[in-house]
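Subject: Structure for your review

Dear colleague,

Please find below the structure I am handing over to you. My findings follow it, arranged by region.

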Amino acid sequence: MLSPESVTRQINDQISLAKAFVVIAKESNNHQFAWELTSQIRISQIFLSNAATRRTPLTIKESQYAIRDMALLLFQAQQLHYDSASMIMRLKGKIQALEEQMSSASEKSSKYGQIAAEEVPKSLFCLGVRLTSKWFKNLSLQKNLKDQRQVDMKLKDNDLYHFCVFSDNILATSVVINSTSINSKVPDQIVFHLVTDEINYAAMKAWFSLNDFRGVTVEVQRFEDFSWLNASYVPVLKQLQDSEIQNYYFKGNTDDSKTPIKFRNPKYLSMLNHLRFYIPEVFPELKKVVFLDDDVVVQKDLSDLFTIDLNGNVNGAVETCMETFHRYHKYLNYSHPLIRTHFDPDACGWAFGMNVFDLVQWRKRNVTGIYHYWQEKNADRTLWKLGTLPPGLLTFYGLTEPLDPSWHVLGFGYTNVDPQLIERGAVLHFNGNSKPWLKIGMEKYKPLWKKYVDYSHPILQQCNFH
């Protein structure tokens, strides 16, 4: 993409110019020509998508017809004087007015949307309080550990199917486990390792002691008990001690509020968010584990994930790049020499949320050390701004094995998803702000999640879940 001779870049430049001419053609009521441009744009986009899927660069020979056909239309647009100064001036006023309206609306939408996404529903808060109270009042519940010795053996048995979830959301985690167990052929061979925080630990323990999930073994830990998790070892914890970082994330008074609110969300410094980079330390006895986010629903048996050959790689993940979307240059700052020197800007991105991790290879290649290196280099937030995906892309660069896209289908928290993808998908991911347990969740996708919640459960009814 950075090379002037890149065929991909040439086609993308043509598409960008053609899109501008489509707008101008419509302004001039030349709808036939606008349709011709739109059709050719789509043909070029499909051409790029096919090339991205096969993972080989485009050549001039194979793309000459696509480039030629688009060039003819662009020449025709110029002959129609669509690039004239008068047309530009005419549109400039409209664009400026629309940009001002859009900027104002976008800023308000971002702020209100972020506030709504961070809201803890009263029913979810009630659930945590009632379960915590039940745990401490009912000593028999704490002692109700069925055959603890056998459970301890399962937690370390590498012949079983091990999943891990790091979350402070009781109901969301319950849906992940319930949907996995219901759709599993061998639920008694599944082990779920949950890690939460001190606040939600008792509630999590109570919920998973009170409920059975078709024989699935469930372990609950709190990250505060990990002695190795300290500021001398973990860069994120070290950065939290810095006054500038505290001001940036918790006070918002460093750059006159120029940084969008979503970049300032303190959750991006949460250890539950960053524990995914410490899985071998959390589970030192395990060799392979499937990592799941708490905003997913499982609708297929996942046992085949554990037999996939990662070809010596550490991370098995579904790639998300089509055309130029979700490639490295979308997430990272390529004006920084460290990024520009070490990473291909056109490399394909992938998704967290359903990942197969080979912990033997992880330890062998010191992947956590790689993560530490990049996290420390980004102390000033110049390599990337937001979340755990950018450091993940850097950490697992060259160590990721692409999985079949049907294993992990994304977008249920912010966009429309192809019904055929939903039907084929093994794991459905509600990534985005519109989580299914929130009022702002996308109504048409909520049933996919809600069917794994037992709304007749007495505690859920007491907390007004419906």
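**Helix α3 and its surroundings**

In this predicted model, helix α3 (residues 60-79) has 20 residues and spans 26 Å from its first C-alpha to its last, which is close to the 28 Å expected at 1.5 Å a residue. The helix nevertheless bends by about 30 degrees at A66. A66 is also one of the buried residues of α3, together with S63, I67, M70, L73, L74 and A77. The cover over these buried residues includes α1 (7-27) and α2 (31-54).

**Strand β1 and its partners**

Strand β1 (residues 161-166) is mostly covered, with five of its six residues buried. Two partners of β1 may be described in turn.

With strand β2 (residues 190-196), β1 pairs in the parallel sense over six bridges. Within this pairing, H162 has V191 of β2 as its bridge partner. Helix α8 (residues 170-182) joins β1 and β2 in making up a right-handed β-α-β unit.

With strand β4 (residues 288-292), β1 also runs parallel, and two bridges join them. Here C164 stands opposite F291 of β4.

**L194 in strand β2**

Is L194, which lies in strand β2, buried or exposed? Its relative accessibility is 2%, and L194 therefore counts as buried. Leaving aside neighbours within four places in sequence, L194 is in contact with V165, T173, I177, F208, V218, E219, V220 and Q221. As to M204, this residue is 10 residues from L194 in sequence, and the two are 8.8 Å apart in space, C-alpha to C-alpha.

**The sheet β5-β10-β9**

A further item is an open sheet of three strands, in the order β5-β10-β9 and with mixed pairing. Its edge strands are β5 (296-298) and β9 (408-409), each of which pairs on one side only. Between β5 and strand β10 (residues 427-429) the pairing is antiparallel and comprises three bridges. One of the residues concerned is V296, whose bridge partner in β10 is H429.

**Points for inspection**

When you open the model, I would suggest viewing three places: the bend of α3 at A66, the right-handed unit made by β1, α8 and β2, and the antiparallel pairing of β5 with β10.

With kind regards

Terms used. Residues numbered from 1 in each chain as written. Predicted model: local features only at pLDDT ≥ 70, side-chain atom pairs only at ≥ 80, totals over all residues. Heavy atoms only, no water. Helix = DSSP H or I, 4+ residues; strand = E, 2+ residues; numbered from the N terminus. Expected span 1.5 Å × (residues − 1). Bend = angle between axes of the 7 residues up to and from the residue. Buried < 20%, exposed > 50% of the residue type's maximum accessible area, 1.4 Å probe, protein only. Contact = heavy atoms within 4.5 Å. Pairing = 2+ DSSP bridges. Right-handed = clockwise from strand over helix to strand, strands pointing away.
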